[in-house]
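The exercises below ask you to read a protein model step by step. Try each task on the structure before you turn to its solution.

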Amino acid sequence: MSQLILVEKKEGYAVLTLNRPEKMNAISKQMTKEFYQAVIDLKKENLKFLVVTGAGDRAFCAGGDLSELHGEMNAAQAYAKLHPMKEVLYELATFPVPTIAVLNGQARGGGCEIATACDFRYGTEDASFGFVQANLGIIPGWGGGTLLYQRVKSDVAAHWLMDADMYTANQVYRIGWLHKMITVNCGEDIFSSFLNKTPEQMKIFKQQYMDHMDFQTLSERMEREVRQCSLLWESDEHKQAVRNFEAKRKR
């Protein structure tokens with residue numbers, strides 16, 4: 001069976017790759033399990049930073065796999081499906097050294113949530129990014145909305161979540177969500193300023209960042225968001241929105 005999460009250890013850092021390019025790296029149940037275990041295992045390594053990226057050149061991640069996250073679930077079923085990825089995002093957000101999402105293509109819905117769980121985001125100039133969940137009658141389901149308020153100004157976060165539109169790389173760079181615009185196959189040079197630091201330095205920098213960002217109640221706030229999304233999941237509005245989306249894809 002092919003690995004859905006690839007881990008490559010390099011000199012001073014590791015690269016974790018979402019490896020489902022034929023599905024635009026959409027997150028499945030099995031992928032979630034592998035993702036969580038990979039992050040937990042990498043916490044034990046003496047790294048300077050961690051890179052999270054996607055396989056292929058179409059997408060970083062298109063969100064959750066709709067064949068599993070279907071619209072007919074009730075709130076309890078939705079919570080059971082959503083909560084494990086909240087745990088992945090929390091482990092990423094609290095990873096002991098800086099994390100960098102290298103967005104090799106578009107990030108949509110849950111893909112933006114994963115990217116937002118990382119400390120920094122580098123994206124290709126022609127990609128687009130969007131918290132589109134509100135268009136489906138729900139809110140972010142993995143705690144990514146809560147994390148967005150940690151990353152950008154609160155009014156900017158609120159507008160993006162409510163707007164639920166796809167933004168260009170230039171737009172998200174201007175609002176501070178994207179830290180660098182990169183080209184495809186840009187290589188290791190984009191990490192050069194991090195590579196000349198020691199793991200001890202990077203751990204201190206990360207702890208300072210977490211202290212400043214008030215991560216003490218983060219898990220609780222993310223959990224609340226997951227439960228709120230679960231309740232919306234069984235609404236008629238969400239079920240109809242999913243049916244409309246799936247019908248549109250089949251045309």
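**Exercise 1.** Does Phe120 count as buried, partly exposed or exposed, and what is its relative accessibility?

*Solution.* Keep in mind throughout that this is a predicted model. The relative accessibility of Phe120 is 24%. Buried means under 20% and exposed means over 50%, so Phe120 counts as partly exposed.

**Exercise 2.** Describe the aromatic pair that Phe120 and Phe194 form, and find out which parts of the chain the pair ties together.

*Solution.* A pair of aromatic rings is described by the distance of the centres and the angle of the planes. For Phe120 and Phe194 the centres are 5.9 Å apart and the planes stand at 70 degrees to each other. Planes over 60 degrees apart count as edge-to-face, and the pair of Phe120 and Phe194 is accordingly edge-to-face. As the next step, place each ring: Phe120 lies in strand β7 (residues 120-124) and Phe194 in helix α7 (residues 192-195), so the pair ties together parts that are 74 residues apart in sequence. Phe194, with a relative accessible area of 16%, is buried.

Now widen the view to the whole structure, where a search finds ten aromatic pairs. Ring pairs join Phe120 and Phe194 with Tyr13, Phe49, Tyr122 and Phe191 into a cluster.

**Exercise 3.** Which residues does Thr124 touch, not counting residues up to four places away in sequence?

*Solution.* Begin with the place of Thr124, which is in strand β7. With a relative accessibility of 4%, Thr124 counts as buried. Its contacts, once residues up to four places away in sequence are set aside, are Leu103, Asn104, Gly105, Phe129, Ala169, Ile182, Thr183 and Val184. Phe95, by comparison, is 29 residues from Thr124 in sequence, and the two C-alpha atoms are 24 Å apart in space.

One of the residues that Thr124 touches, Phe129, leads to another ring pair. Phe129 and Trp177 form a tilted aromatic pair, with 5.5 Å from centre to centre and 55 degrees between the planes. Phe129 belongs to strand β8 (residues 128-130) and Trp177 to the loop between α6 (169-174) and β10 (180-182), so this pair ties together parts that are 48 residues apart in sequence. Both Phe129 and Trp177 are buried.

**Exercise 4.** Where does His179 lie, and with which residues is His179 in contact, leaving aside its neighbours within four places in sequence?

*Solution.* His179 has its place in the loop between α6 and β10. Its relative accessible area is 32%, which means that His179 is partly exposed. When neighbours within four places in sequence are left aside, the contacts of His179 are Asp119, Phe120, Arg121, Tyr122 and Tyr173. Ser128 is 51 residues from His179 in sequence, with 14 Å between the two C-alpha atoms.

**Exercise 5.** At what angle do the axes of helix α4 and helix α9 cross, and which residues meet where the helices are in contact?

*Solution.* Two packed helices are described by the angle between their axes and the distance between the axes. The axes of α4 (residues 144-151) and α9 (residues 218-233) come within 8 Å and cross at roughly 135 degrees. That angle makes α4 oblique to α9. On the side of α4, the residues that take part are Gly144, Gly145, Thr146, Leu147 and Gln150, and they meet Leu218, Arg221, Met222 and Glu225 in α9. Sorted by character, the residues of this contact are three nonpolar, four polar and two charged.

Finally, consider Leu148, which is also found in helix α4. At 0% relative accessibility, Leu148 counts as buried. Leaving aside neighbours within four places in sequence, Leu148 is in contact with Thr116, Phe131, Ala157, Trp160, Leu161 and Trp177.

**Exercise 6.** How many residues of helix α3 are buried, and which are they?

*Solution.* Eight of the eight residues of α3 (residues 110-117) are buried, so this helix is largely enclosed by the rest of the structure. The buried residues are Gly110, Gly111, Cys112, Glu113, Ile114, Ala115, Thr116 and Ala117. One of them, Thr116, is in contact with Leu148.

Definitions and conventions. Residues numbered from 1 in each chain as written. Predicted model: local features only at pLDDT ≥ 70, side-chain atom pairs only at ≥ 80, totals over all residues. Heavy atoms only, no water. Axes fitted to C-alpha atoms, helices over the stretch in contact; angles between N-to-C directions. Helix = DSSP H or I, 4+ residues; strand = E, 2+ residues; numbered from the N terminus. Parallel < 35°, antiparallel > 145°, perpendicular 65-115°, else oblique. Contact = heavy atoms within 4.5 Å. Nonpolar A, V, L, I, M, F, W, Y, C, P; charged D, E, K, R; others polar. Phe/Tyr/Trp six-rings, centres within 6.5 Å; stacked < 30°, edge-to-face > 60°. Buried < 20%, exposed > 50% of the residue type's maximum accessible area, 1.4 Å probe, protein only.
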